[in-house]
Amino acid sequence: MTLWTLLKRDLATLLPGGRGGGSLLPVLFFLAVAMLYPFAVGPNPTLLAASGGGVLWVGALLAAILPLERLLAADVERGMFDQWALRGLSEELVVAVRLLAHWLSFGPFLLLAALPASALVGIDGETLRIVELGLLAGTPGLAAIGVIIASVTVGLKSGGAALSGLLMVPLAVPLLIFGAGSLSTGGEGGLALTAAISLVLVAIAPFAGGAAIRAAREG
Amino acid sequence: MEPRLTATDLACRRGERLLFARLSLELSSGQALQVAGPNGMGKSSLIRLLAGLLRPFAGSVERSGQLALVDERPALDEHQPLGAALAFWGALDKGAAPLERLGLATLIDVPVRYLSTGQRKRAALARLIGQDAPIWLLDEPLNGLDTHGVALVEALVGEHCVGGGMAVIASHQPFTLPGLQRLDLADYAA
């Protein structure tokens with residue numbers, strides 16, 4: 001019941017059209033990358049089909065950076081985390097719920113947007129299948145990295161957004177290597193490794209995030 | 001279980017400064033304590049130490065009973081209407097906030113970001129009462145309130161203590177309450 005109350009509030013804030021400024025911007029950004037790519041490299045179908053899947057992965061990674069700035073900082077500033085702590089709700093629990101809400105607010109929409117995006121970059125059905133499976137396995141990991149970074153940058157007064165983006169890129173490299181790598185091998189191996197990395201990140205994120213928020217309180 | 005709040009030999013350090021040391025206090029059911037002292041003496045830090053949100057530099061705090069806190073941040077969603085923002089805490093605490101008495105009944109459709117300082121303070125007090133916790137920790141509860149609001153807070157704290165609760169009030173303003181104990185932080189300055 002408590003979890004549902006927390007999740008409901010998080011979704012109301014984070015989902016596109018949510019009152020907290022959640023929006024479709026990450027998805028539109030993702031589509032914009034897919035739309036720009038053919039203009040940039042030219043209308044060569046072989047080149048596009050060979051590289052389109054990788055571009056979708058880069059687009060997904062960049063889109064996952066956009067919602068980070070207000071993911072946790074607003075609640076710390078408003079004293080919400082202090083109030084939760086007094087009620088015995090641990091930071092880990094709140095961050096775990098936030099991770100789920102964060103993924104729900106961009107993951108499924110990204111999977112949907114990958115359909116028109118695949119047409120824009122001209123990849124075939126089989127490649128699209130691997131991209132979709134890869135994103136399904138990889139976006140929870142991207143969300144987890146995002147939550148960890150948002151919790152570490154909670155105390156920053158300004159420049160948090162740019163720094164979040166900068167921190168996200170190197171941490172997401174393993175996901176990108178195996179996720180996009182599964183396209184060239186066409187194999188299950190890459191997808192399995194992507195899912196494994198995602199799982200580890202999702203398992204770590206609540207504890208790393210909770211510890212970071214508690215540390216910020218002492219500052 | 002009887003609510004109880006005990007602090008033993010507390011010392012608080014913020015950065016390189018030792019704010020206060022050797023502070024002990026004990027509160028039991030029905031008692032209220034005002035922590036007074038000029039700005040920067042560590043009133044808010046003491047409240048956060050008692051709440052367990054800061055770790056003491058030395059000494060220890062023991063609490064039995066649920067804690068409730070009001071500080072300068074109302075902990076309400078700025079973009080939500082007041083009614084919905086309070087309903088979120090209502091769902092967690094399962095208590096009812098006395099909107100009518102706090103003069104908030106006509107404001108439930110107004111987004112929190114449009115509320116004045118005094119209205120936010122009243123909203124935070126509504127959240128506090130809805131939590132139905134025996135130990136109240138109030139950090140400058142009178143800030144931004146008009147004279148009517150001040151009297152209201154004094155009455156609410158009084159009723160809370162008569163009902164078996166207890167309260168620690170950090171405030172530099174005079175707080176009128178029968179049987180109110182006083183602790184001057186300047187006496188414990190390090």
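Which residues does A:R98 touch, not counting residues up to four places away in sequence? They are A:R9, A:D10, A:L14, A:L71, A:L72, A:D75 and A:W84. The model is predicted. This briefing covers A:R98, the nonpolar cores, the annotated spans of chain A and one helix of chain B.

**A:R98 and A:W84**

- A:R98 lies in helix α6 of chain A.
- A:R98 counts as buried because its relative accessibility is 3%, and the cut-off for buried is under 20%.
- The side chain of A:R98 reaches the backbone oxygen of A:L71 at 2.7 Å.
- A:W84 is in contact with A:R98, and also with A:L6, A:R9, A:D75, A:L89 and A:V94, leaving aside neighbours within four places in sequence.
- On the chain B side, A:W84 is in contact with B:F88, B:W89 and B:L92.
- A:R9 and A:D75 appear among the residues that A:R98 touches, and both are in contact with A:W84.

**Nonpolar cores**

- The largest nonpolar core has 95 residues.
- The residues with the most contacts inside this core are A:F30, A:W84, A:M168, B:L82 and B:V157.
- Helix α6 (residues 91-121) of chain A gives the most to this core, with 13 residues.
- A second, separate core has 30 residues, including B:L5, B:L19, B:L25 and B:L69.

**Annotated spans of chain A**

- An unreviewed UniProt entry places the feature "transmembrane region" at residues 21-41, 47-72, 93-115, 135-156, 163-183 and 189-213 of chain A.
- Residues 47-72 of chain A are 73% helix and 0% strand, with end C-alpha atoms 41 Å apart.
- Residues 163-183 of chain A are 100% helix and 0% strand, with end C-alpha atoms 30 Å apart.

**Helix α3 of chain B**

- Helix α3 of chain B covers residues 117-131, and its 15 residues should span 21 Å at 1.5 Å a residue.
- The end C-alpha atoms of this helix are 21 Å apart, which agrees.
- Of the 15 residues of α3(B), 11 are buried, so the helix is largely enclosed by the rest of the structure.
- The buried residues of α3(B) include the charged-type names B:K121, B:R122 and B:R127 alongside B:G118, B:L125 and B:L128.
- From chain A, α5 (80-86) packs against the buried residues of α3(B).
- From chain B, the packing partners are β5 (67-70), α2 (82-93), β6 (135-139) and α4 (147-162).
- Just after α3(B), B:D132 takes a positive phi of about 55°.

Key:
Residues numbered from 1 in each chain as written. Chains lettered and ligands numbered in written order. Predicted model: local features only at pLDDT ≥ 70, side-chain atom pairs only at ≥ 80, totals over all residues. Heavy atoms only, no water. Core = buried A, V, L, I, M, F, W, Y, C linked by side-chain atoms within 4.5 Å. Buried < 20%, exposed > 50% of the residue type's maximum accessible area, 1.4 Å probe, protein only. Helix = DSSP H or I, 4+ residues; strand = E, 2+ residues; numbered from the N terminus. Contact = heavy atoms within 4.5 Å. UniProt positions renumbered as here; feature names shortened; annotations may be inferred. Polar contact = N/O pair within 3.5 Å; in protein donor to acceptor, adjacent residues only side chain to side chain. Expected span 1.5 Å × (residues − 1).
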